[in-house]
Each structure stands twice: as C-alpha cells, then as structure tokens.
Amino acid sequence: MPRSPAGDRGTIVMPVTLAQIDRYLVENADRHLEELKAFLKIPSVSADSRHKADVARAADFVMSQFRAAGLDAELVKTAGHPICYGTWLKAAGAPTVLIYGHYDVQPPDPLDQWTTPPFEPTVRDGRLYARGATDDKGQVFTHIKSLEAWMKVAGTLPVNVKFVIEGEEEVGSNNLDLFLEANKSRLAADVAVISDTSQFARDVPAITYGLRGIVACEVTVRGPNSDKHSGVFGGAIANPVNALARMIAGLHDDQGRITIPGFYDGIPPMSADERARLAQLPFDERQFLSELGVDAGWGEAGYTSLERRWVRPTCDVNGITGGYQGEGPKTIIPSSATAKITCRLVPDQNPEKVVAGLEARLRKLAPPGVKVEFRTWHGCPAFVFDPTSRYMGAAKKAIATGFGVEPVMIREGGSIPVVASFRSLLGLDTLLLGWGQNSDNLHGPNEHFHLADFRRGTRASAHLWHELCVV
Ligand code: BES
Ligand code: MN
Ligand code: MN
C-alpha cells in the first residue's frame, strides 16, 4: 500500500520537506550544472567502437553519481556496453519506482555544423549545448539530482528506487532484454519512469502515453565486381546506385502509402475520440514547418501532421552510400550501393513481419543483374498506455508544480525499446515524462537542453517521488 513518505508525521513534515528540497535544488543548481557538464564531456558514442573506453567511462561516471546521491550502485556487464544499476530500497510499504535512462549518445556528426564542439559543453542563451545534453544525459541527471536532494534534505526517500541506466539505447538496446529477463524478480516495481522524450512545445509540458516502434535494416545492392568505366560498360549492365534509387522509390505510392506487403495489417483505424484529442492540442502547422525550414508537409494522404508522426507508420532512408563521393566528376558504374532504412511502427504491427515484408519488397523491386543483401540491426514494437491511470495523475501534479502549468497528454513518434520490454517482461507501465523539447536538435548538430527545463524537470522529479506515494 502506498503510504505517506514520513509515515504518521507525513501531513506535518511533508510540506516543509518539499519546500526545503526546492530550496536545496536552487542552492545547488550551479554545482549540478557543472557536474552535468563533466558527464557531457565524455564522448559515449555507443555506435562507434572507437569510443568503447569512453562509453565505459560514462558508465563509471553514472556509478559515482549514484553513490554520491546515496544509492547502492552495481555495474552490470553485458555482451555490449554495461548497465548501471542503482538502488535505494528502504521505504518499507511505499511504492517502488523503476527509473530508466541511457548514458550513451548518438554520433556527433556532422561535426562542422556545431557552433561549439559537441563534447565541450557550453552555455549560450540559457541553453546547454553538447551531444547528449537533452538525449539523454541531461534528463537522466534530473532524476539523480532530485534523489540526491531528497537524501541530503530528508535523509530518506519517499519511494523505493531501482535505477537502470544503460549504454546501448541509441543502438537498439539489444542486450537489455537479457538483463531484464534474468532479473525479473529483482526488478519488480509498481511503475517505471523515463525522461527521454519531449514536452509538446515551449512551456507546454506533456506526458507521453504512446511511442512508435521501429525496425532498422540495411540493404546493399551489388553489381560489377569492381567500379567500372561508365563509358565502356554503361548501358549494358545494371548500375547498383540507379537500381537502389528505384527500389527505394518503389517503397511508397503516390498517396504516400507504403507498398510493403502486409505492412498495414493489424493497425486499428484511428478512433474519433483520439482524432479529436489530437486536434485539440495547440499545434501550429505553419510554425512547425518553418522551424524545420521546409515550405510544405508531406506524408500519407488523409492524415494530419500529428497523426502522421504519432499514429501512422513510416518507412524512411537514413543514409545512402555508393559510388564516388569525392570532389569533382568521376565516370564509373559503381560496384555497390547501400541504404540504411528504418520503419516506424504503430500498434499492432509486428516488427518481424515488417522486416520480412521489407526484404521481400526490395528483392522484388531489384532489376536483373544485381545481387541484394539485406540485414536487420534492431527492432521493437510500438505501444500505447491508458492515459487515465492513477500514476498518470501523480505525474500530472508533479509536473504542474515543477513547470507551473498542467501537462497535456501526447503520443510521440520516436522509439524507446525498453518500454515495450517493461510491459512484456516485467508487466510494468511507464510514465514517459519528457523534460526536453523536440527543437533541442537531438541527434543533430548543436543539440542543447534549456537550463530552465533542467531546473523545472529536476523540481518536477523531486515532487513526483512524493506524489507517487499519495495516489
Ligand atoms: N530519446 C529518444 C526517443 C525520443 C525522442 C522519443 C524524442 C520521443 C521524442 C531515444 O534516445 C531515441 O533516439 N531512440 C531511437 C530508437 C533506437 C532504437 C535507436 C529512435 O527513436 O530513433
Ligand atoms: Mn534518448
Ligand atoms: Mn536518441
């Protein structure tokens, strides 16, 4: 049963304690920022094997932060990057919260587009610029620092805490499920909390009740056994880059619908209710497009931008290589071409089925005279939670305090693989409480985290631990 954090004295002690915690966070804000900068200096790029030692260093940093906050810390080795597991389990009878985040970051490329280097954290205009500032080191830090505040001020936490901070989220969390499966009872909790999403807009905080899933694949088209003179051989053999371009173009029809066989199987039509709810959000299409620097939207016919981003699936090329990429002209039939392709999935698409359909479709679209190789990097299903659960109510109150305004309920288009695993392996629902902004340029150059969001998120986090006990 949930109970008041301070037991029978709760009604008297709590308001004082929460005010003291708020004050502690204000008084320690500068130090917290400096510590976050030290975290951001570590180039923990999980996709790049040259950064393996840096990724390990970031894990050690998280471990030392756990200990400094008063948590017990254990570094869990995996076949890939380690998992940082931190616990504090002394709130007998109080709920147990499983907090998840990731200390790995995306590659910082394109490097020449950063105003200040990605791993030299810099404050400009009230924003902290660095790779990982918002995704996800800065957001992870809000929870570590709110727990530190509780421990320093109250000497205790109102909830039991199990903290899982992993180092492979940006490469698909391929080793995390093994850890979850092997530690089901140890990881038992009442609810999971993740801050790795975004607010709906500036000063419009949000609780995210659905995320899309993903499958990430790579296709390589091979032609002649090496690059060949395009005058001597061109016209008589298939050009792998031309072929790949045609294959990619064939993945959509003129209505923006995806032509992979069985792709839309199992997807329920949007309910009128949800359509109405999304339509009510304060979304400005023109501003959305102008912030992206494009003059028109694009997508599946019959859906709004928000519906296309949150409720409908996609198929996108992330990168394409093949042939000569250097300066000046060169006349060749390239020997091969490769494309990295991801599909964003919605409930109830099956990732394996989508991958099989994508491979079949690409092979069918390939012209004679080329060989097609296909591989899968990672995948996870989509999910939607009940937006009215009692834990959602606790999160709403905490956010209203931290941000000074009630959150809206949203879905998001990005993916966090662990959320579906928490449901299927641990039977847990997740509160997705994003403190960032989609305009923070996560995954791109000049990624940043607003200092105001860092502070407001940390305060909301501190209040959440209290609110979870009183629902
Ligand atoms: N934090 C993001 C996911 C996100 C960002 C969700 C903003 C909603 C709003 C996460 O780190 C991420 O980038 N996930 C990857 C998935 C992964 C399997 C590579 C993604 O969505 O591309
Ligand atoms: Mn993230
Ligand atoms: Mn990310």
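## Cis peptide bonds

Pro 110 sits in the loop between β3 (96–102) and β4 (122–124); helices (H or I, at least four residues) and strands (E, at least two) are DSSP runs, numbered from the N terminus. The peptide bond that joins Asp 109 and Pro 110 is cis, with omega about -5°. A cis bond also leads from Pro 347 to Asp 348, where omega is near -5°. Asp 348 belongs to the loop between β13 (336–345) and α11 (351–365).

This is a predicted model, in which local features need pLDDT of at least 70 and side-chain atom pairs count only at pLDDT 80 or more, while totals for chains, interfaces and linings use all residues. Residues are numbered from 1 along each chain as its sequence is written, chains are lettered from A and ligands numbered from 1 in the order in which they are written, and side-chain values use heavy atoms, with hydrogens and water left out.

## The manganese ion (ligand 2)

The protein donors of the manganese ion (ligand 2) are His 102 (NE2), Asp 135 (OD), Asp 196 (OD) and Asp 196 (OD), at 2.0 to 2.4 Å from the ion. Donors are N, O and S atoms within 2.8 Å of the metal (3.2 Å for Na, K and Ca); water is not among the atoms, so sites may look incomplete. Along the sequence, the donor residues of this ion have the spacing H-x32-D-x60-D. The arrangement around the manganese ion (ligand 2) is irregular because its 6 donor atoms subtend angles of 57 to 167°. Four donors count as tetrahedral if all angles lie between 85 and 135 degrees; four count as square planar and six as octahedral if opposite donors are over 155 degrees apart and all others between 65 and 115; anything else is irregular.

Asp 135 bridges the manganese ion (ligand 2) and the manganese ion (ligand 3), which lie 3.5 Å apart. Distant parts of the chain are linked by the pair of Asp 135, in helix α4 (residues 133–154), and Asp 196, in the loop between β7 (191–194) and β8 (206–211), 61 residues apart. Asp 135 counts as buried because its relative accessibility is 8%, and Asp 196 counts as buried because its relative accessibility is 11%. Buried means under 20% relative accessible area, exposed over 50%, and partly exposed in between (1.4 Å probe, protein chains only).

## The manganese ion (ligand 3)

For the manganese ion (ligand 3), the protein donors are Asp 135 (OD), Glu 170 (OE), Glu 170 (OE) and His 443 (NE2), lying 2.0 to 2.6 Å from the ion. The donors follow the spacing D-x34-E-x272-H along the chain. The site of the manganese ion (ligand 3) is irregular, with angles of 55 to 155° among its 6 donor atoms. Asp 135 lies in helix α4 and His 443 in the loop between β17 and β18, so this pair ties together parts that are 308 residues apart in sequence.

## The loop between β17 and β18

His 443 is found in the loop between β17 and β18 and has a positive phi of about 75° although it is not a glycine. With a relative accessible area of 38%, His 443 is partly exposed.

Asn 441 is placed in the loop between β17 (430–434) and β18 (448–450). Its phi is positive as well, at about 60°, although Asn 441 is not a glycine. Asn 441 is partly exposed, its relative accessible area being 35%.

## Surroundings of ligand 1

Among the 18 residues around ligand 1, those that come nearest are Glu 169, Asp 196, Arg 344, Ser 415 and His 443; a residue is near a molecule or strand if one of its heavy atoms lies within 4 Å of it. The shell divides into 3 nonpolar, 9 polar and 6 charged residues. Ala, Val, Leu, Ile, Met, Phe, Trp, Tyr, Cys and Pro count as nonpolar, Asp, Glu, Lys and Arg as charged, and the others, Gly among them, as polar.

An N or O atom in the side chain of Arg 344 is 2.7 Å from an oxygen atom of ligand 1, and one in the side chain of Glu 170 is 3.2 Å from an oxygen atom of ligand 1. A nitrogen atom of ligand 1 lies 2.8 Å from a backbone N or O atom of Ser 415. Of the 520 Å² of accessible area that ligand 1 has on its own, the protein covers 92%; accessible areas come from the Shrake-Rupley method with a 1.4 Å probe, and for residues only the protein chains shown count as cover.

Technical notes. Polar contact = N/O pair within 3.5 Å; in protein donor to acceptor, adjacent residues only side chain to side chain.
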